[in-house]
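This report walks through one chain, from its cysteines and its sheet to a buried proline and a group of charged side chains. Please keep the sequence and the coordinates open while reading.

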Amino acid sequence: MKLKLFTAALMTGVMMSLAPVKAEGPDKLVTIVTAPEPQTQLMAMVLTMQSVQQKASARILLCGPAGDLALKDAPESATAPQAPKGMSPQGLMKKIMEAGAKVEVCAIYLPNKGAAPDALLDGIGVAKPPEIAGAIMADDTRVMSF
């Protein structure tokens, strides 16, 4: 009888160790993307999507060359499919938005691009520096920067 209880307890422990584990800690994520390279932009989106799938609340801030991901008329580097899954940085960003993430360009992107807010994809706004600073500084937030 004791052996059966020990075996059952051991098997329960083994099975629990195989279950997916969500990291303990902050449940909000701010992803800041400034990199011009499409691979780096896509990896930022991949990790953000993985975080969303693990129940994180995500916010993406696009600055500098990465702001081009937010454009309706985005450059090919933002929309071209990449290996291994044929996804583009902008395409995955749109899926992250559909999952509920907030996406914004930095406050100085549009003025320095010579563009107006209507150049942005629907659902993408212009970040307000005090709001972004507050989100970054919040105790319940992790920040990834690319």
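Is Cys 63 buried or exposed? With a relative accessibility of 15%, Cys 63 counts as buried, since buried means under 20% relative accessible area. The model discussed here is a predicted one, and the values quoted below should be read with that in mind.

## The cysteine pair

The structure holds 0 disulfides. Cys 63 takes part in no disulfide, although the sulfur of Cys 106, the nearest cysteine sulfur, is 3.4 Å away. Because a disulfide is taken as a pair of cysteine sulfur atoms within 2.5 Å, a separation of 3.4 Å leaves Cys 63 outside any disulfide. Cys 106 is likewise in no disulfide, its nearest cysteine sulfur being that of Cys 63, and Cys 106 is buried, with a relative accessible area of 12%.

## The sheet and a helix packed on it

The sheet is open and is formed by 5 strands, which follow one another in the order E4-E3-E2-E1-E5 with parallel pairing. Strand E4 (124-126) and strand E5 (141-145) are the edge strands, each of them pairing on one side only. On average, and with direction ignored, neighbouring strands of this sheet are turned by 25 degrees against each other.

Between strand E3 (residues 102-105) and E4, the parallel pairing runs over 3 bridges, and the bridge partner that Glu 104 finds in E4 is Gly 125. Helix H2 (residues 38-53) packs on the sheet, where H2 touches strand E1 (28-33), strand E2 (57-62) and E5, and the direction of H2 makes about 175 degrees with that of E1.

## Surroundings of Pro 89

Pro 89 belongs to helix H4 (residues 89-98) and is buried, with a relative accessible area of 0%. If residues up to four places away in sequence are not counted, Pro 89 touches several others, among them Pro 38, Gln 41, Leu 42 and Met 45, as well as Leu 69 and Ala 78. For Ala 78 the two separations can be set side by side: Pro 89 and Ala 78 are 11 residues apart in sequence and 5.5 Å apart in space, C-alpha to C-alpha.

## A network of salt bridges

Side chains of opposite charge can pair when their charged atoms come close. The structure holds 6 salt bridges, and a network of such bridges links Arg 59, Lys 102, Glu 104 and Glu 131. The side chains of Arg 59 and Glu 104 meet at 2.9 Å, N to O; Arg 59 lies in strand E2 and Glu 104 in strand E3, so this pair ties together parts that are 45 residues apart in sequence. Both partners are buried, Arg 59 with a relative accessible area of 14% and Glu 104 with one of 4%.

Which residue does Arg 59 meet in a salt bridge at 3.2 Å, N to O? The partner is Glu 131, and this pair links distant parts of the chain, with Arg 59 in strand E2 and Glu 131 in helix H6 (residues 129-137), 72 residues apart. Glu 131 counts as partly exposed, at 37% relative accessibility. Glu 104 also forms a salt bridge with Lys 102, their closest N and O atoms being 3.8 Å apart, and Lys 102 is partly exposed, with a relative accessible area of 40%.

Notes:
Residues numbered from 1 in each chain as written. Predicted model: local features only at pLDDT ≥ 70, side-chain atom pairs only at ≥ 80, totals over all residues. Heavy atoms only, no water. Pairing = 2+ DSSP bridges. Helix = DSSP H or I, 4+ residues; strand = E, 2+ residues; numbered from the N terminus. Axes fitted to C-alpha atoms, helices over the stretch in contact; angles between N-to-C directions. Contact = heavy atoms within 4.5 Å. Buried < 20%, exposed > 50% of the residue type's maximum accessible area, 1.4 Å probe, protein only. Salt bridge = Lys/Arg side-chain N within 4 Å of Asp/Glu carboxyl O.
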